[in-house]
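Please read the points below alongside the model. They go from the ligand site to the fold as a whole, and then to a few local details.

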Amino acid sequence: MYGPVIRRIALPAGEKIPVLGQGTWHMAEVGEHRKAEIGALRLGLELGMTLIDTAEMYAEGEAERLVGEAIGGRRDEVFLISKVLPSHATRRGTLDACAASLRRLKTDRLDMYLLHWRGSVPLWQTIEAFVELKERGWIRHWGVSNFDVMDLIDLWQIPSGTEVQTDQVLYNLARRSPEYNLLPWCREQDLPVMSYSPFEQGDLLSHPAVRGVAERNDITPAQVALAWVLRQPLVCAIPKSGSVARVQQNAAAAAIRLSPQDLTELDLAFPPPIKARPLETL
Ligand code: NDP
């Protein structure tokens, strides 16, 4: 099965990733959904959403196990991302957490390993562990998540800190604060930003303005929300869906361009930021 060709963006290291991937938070929480969730992830791979985002935190490791099953026999097609919890992010703890994630995912390497959010462990310890994991070949790249500009500036002061390959943050129509300074700062460093919760976990999809644009264009509200995020350069998105019909819709959003009229209507309903605000998180 073929979907639209999904545009790719380059990591600072040069490797390219698709602008649309697949999230996995809340997968593997309900036993009877498991088969459908695996089917949805597999269809997503066929449609070109080959980046899969998971975390040791999700369903306490069960989401990683589910992803391991979904990508069985297809590991080489996938750009696989997992995350270490801040409470595990000491030098030793990060190495152990990565080993456990690899076991659950039934693979010998991650394509990207992220610090899930900044906690109390000094950043340099986590970065030292990431560098060691790269040397061991357990991870190919590393990045961060929920980092605001000041956190990235701190990272830039740490040896190897500039080797970061992405910042995964909450960015969607209802959470536009990154547009004020985070997105411009990252663009200046050629650092891709990964938008999580592009549908605000589904809440955006019943908004009248989103529905209005969807109806006029004969597309779905989810496609409006994704096309809106992807209008930005160097931004990719990781929608989560456990349903094959919705995965199909989400993949098709890669080909959709919103018109100036669409964007104006969405700006009226979701005004762009006019001053710096702290990065929001879920
Ligand atoms: P999303 O904004 O992706 O929304 C997911 C919800 O939208 C689900 O209820 C899903 O239901 C529904 N949905 C998906 N596609 C459609 C569609 N086409 N039409 C209607 N409804 C749809 O929320 P998430 O919070 O899951 O964010 C995406 C991913 O980002 C996560 O899964 C996770 O991997 C990552 N993330 C990272 C965080 C971090 O701190 N780094 C924090 C939060 C998320 P259904 O499954 O039934 O289709």
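1. Which residues are the closest of those that surround the ligand? In this predicted model, they are Gly23, Trp25, Phe199, Ala222 and Lys240. The surrounding set has 28 residues in total.

2. By residue class, polar residues account for 15 of the ligand shell, nonpolar residues for 9 and charged residues for 4. Sorted by element, the largest share of the shell is 3 residues, and it comes from helix α9, residues 244-252.

3. On annotation: an unreviewed UniProt entry gives "domain: NADP-dependent oxidoreductase" for residues 20-267. Over that range the chain is 41% helix and 12% strand. The C-alpha atoms at the two ends of the range are 23 Å apart.

4. The secondary structure of the protein as a whole comprises 10 helices and 10 strands. Of the contacts between residues at least 6 apart in sequence, 79% join residues at least 24 apart.

5. Overall dimensions: the C-alpha trace spans about 55 × 45 × 30 Å along its principal axes. The radius of gyration is 18 Å, which agrees with a compact globule, because a globule of 282 residues would have a value near 19 Å. Buried residues make up 44% of the 282 residues.

6. How is strand β9 placed with respect to burial, on one face and on the other? Strand β9 runs over residues 193-196, and both of its faces are covered. Val193 and Ser195 are buried on one side, and Met194 and Tyr196 are buried on the other.

7. A neighbour of β9 in the pairing is strand β8, residues 167-170; the two strands pair in the parallel sense over 4 bridges. Within this pair, Leu170 stands opposite Tyr196 of β9. Tyr196 is also one of the buried residues of its strand.

8. Is Ala252 buried, partly exposed or exposed? Ala252 lies in helix α9, the element that gives the ligand shell its largest share. Ala252 has 19 C-beta neighbours inside 10 Å, and burial requires 20 or more, so Ala252 counts as partly exposed.

9. One separation may be worth checking in the viewer. Ala252 and Glu265 are 13 residues apart in sequence, and their C-alpha atoms are 22 Å apart in space.

Notes
Residues numbered from 1 in each chain as written. Predicted model: local features only at pLDDT ≥ 70, side-chain atom pairs only at ≥ 80, totals over all residues. UniProt positions renumbered as here; feature names shortened; annotations may be inferred. Near = placed C-beta within 6 Å. Nonpolar A, V, L, I, M, F, W, Y, C, P; charged D, E, K, R; others polar. Rg over C-alpha atoms; globule rule 2.2 N^0.38 Å. Buried ≥ 20, exposed ≤ 12 C-beta atoms within 10 Å, placed from the backbone. Contact = placed C-beta atoms within 7 Å. Pairing = 2+ DSSP bridges.
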